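Student: I should like to go through this structure with you and ask what justifies each term applied to it.

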Amino acid sequence: MPASDAFHDPQSTPRDSAGEPRISYVVARLEQALRRAINDRVSQHGLTVLQYTTLSVLGHRRELSNAQLARRAYMSPQAMSEVIDALEKKGLITRSSHPNHRRVYQATLTERGEEVLADCERLVDELEAEILADLTAGDQRKLRDGLISAVRKLHAGLPER
């Protein structure tokens with residue numbers, strides 16, 4: 001039995017009226033398992049999931065402040081400050097003062113940060129390919145669309161394109 005199942009009693013799985021596992025429960029279990037799996041992969045680069053997430057956000061949106069990064073990575077500004085400090089010490093990001101706000105510092109990826117991010121993205125791509133291997137391309141698209149719709153219904157990000 002995998003370690004992640006060692007403490008799980010299948011009889012205690014919350015079920016809907018049809019007797020199926022609740023979708024919210026399945027999504028929560030998936031989120032926990034994904035965090036562990038991503039952490040295992042990015043730790044090869046000395047990163048945590050939160051540090052990887054921050055690099056990923058910066059890779060898509062250049063020059064963000066601590067507050068902007070915290071909002072986009074769903075963490076508190078205090079937690080983001082710790083992540084930013086760690087990434088800066090590792091030489092993966094640099095910070096510079098905002099041209100219009102002396103007390104605001106914007107973070108950007110360094111060349112080394114871009115290299116580490118690219119490798120981590122490859123590792124996460126491989127993970128996603130593994131977990132989606134049993135689904136057709138159409139089923140993968142339906143799964144993604146359904147999850148995106150649910151996130152939007154909860155007003156938790158992913159604006160319309």
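The dialogue below sets values from this predicted model against the criteria behind the terms.

Student: What is the overall arrangement of the chain?

Tutor: The chain has six helices and three strands, and along the sequence they follow the pattern α-α-β-α-α-β-β-α-α. Of the 161 residues, 24% are buried. Among contacts between residues at least 6 apart in sequence, 44% join residues at least 24 apart.

Student: Why is L109 called buried?

Tutor: Buried means under 20% relative accessible area. L109 has a relative accessible area of 11%, and is therefore buried. The residue is found in strand β3.

Student: Which residues does L109 touch, beyond those up to four places away in sequence?

Tutor: L109 touches L55, L58, G59, R62, L92, I93, E114 and L117. As for L92, it is 17 residues from L109 in sequence, while the two C-alpha atoms are 5.9 Å apart in space.

Student: What makes a set of residues a nonpolar core, and which members have the most contacts inside the largest one?

Tutor: The members must be buried residues of the listed nonpolar types, joined through side-chain atoms within 4.5 Å. The largest such core has 27 residues, and L47, Y52, L55, L69, M80 and I93 have the most contacts inside it. At least two residues of this core come from each of α1 (23-42), α2 (49-60), α3 (66-73), α4 (77-89), β3 (105-109) and α5 (111-132).

Student: What is in contact with I93, leaving aside its neighbours within four places in sequence?

Tutor: I93 is in contact with L55, L58, I84, L87, E88, A107, T108, L109 and T110.

Student: How do you know that the buried residues of α3 lie on the same side of the helix?

Tutor: The buried residues in α3 are L69, A70 and A73. They cover an arc of only 100° around the axis, so they lie on the same side of α3. The general geometry is that an α-helix has 3.6 residues a turn, so residues three or four places apart point the same way.

Student: What covers those buried residues of α3?

Tutor: The cover includes α2, β1 (64-65), α4 and β3.

Student: What is notable about the backbone of Y74, and is its side buried or exposed?

Tutor: Y74 is not a glycine, yet has a positive phi of about 55°. This residue follows α3, in the loop between α3 and α4. Exposed means over 50% relative accessible area; Y74 is at 62%, and therefore counts as exposed.

Student: Why is H155 called exposed?

Tutor: The cut-off is again over 50%, and H155 is at 74%, so H155 counts as exposed. H155 lies in the segment after α6. Its phi is positive, about 55°, although H155 is not a glycine.

Student: Why is L147 called partly exposed?

Tutor: Partly exposed lies between the 20% and 50% cut-offs. L147 is at 38% relative accessibility, and so counts as partly exposed. The residue is in helix α6.

Student: What makes L147 eligible for a nonpolar surface patch?

Tutor: A patch residue must have over 30% relative accessible area, and L147 has 38%. Together with I23, V27, L135 and L143, L147 makes a nonpolar surface patch of about 420 Å². Two or more residues of the patch come from each of α1 and α6 (137-153).

Student: How much surface does the chain expose, and what share do carbon and sulfur atoms supply?

Tutor: The chain exposes about 11,300 Å², of which carbon and sulfur atoms supply 52%.

Conventions: Residues numbered from 1 in each chain as written. Predicted model: local features only at pLDDT ≥ 70, side-chain atom pairs only at ≥ 80, totals over all residues. Heavy atoms only, no water. Buried < 20%, exposed > 50% of the residue type's maximum accessible area, 1.4 Å probe, protein only. Helix = DSSP H or I, 4+ residues; strand = E, 2+ residues; numbered from the N terminus. Contact = heavy atoms within 4.5 Å. Areas by Shrake-Rupley, 256 points an atom, 1.4 Å probe, with all protein chains shown as cover. Arc of directions from axis to C-beta. Patch = residues over 30% accessible without salt bridge, like charges linked within 9 Å, V, L, I, M, F, W, Y side chains within 5 Å. Salt bridge = Lys/Arg side-chain N within 4 Å of Asp/Glu carboxyl O.
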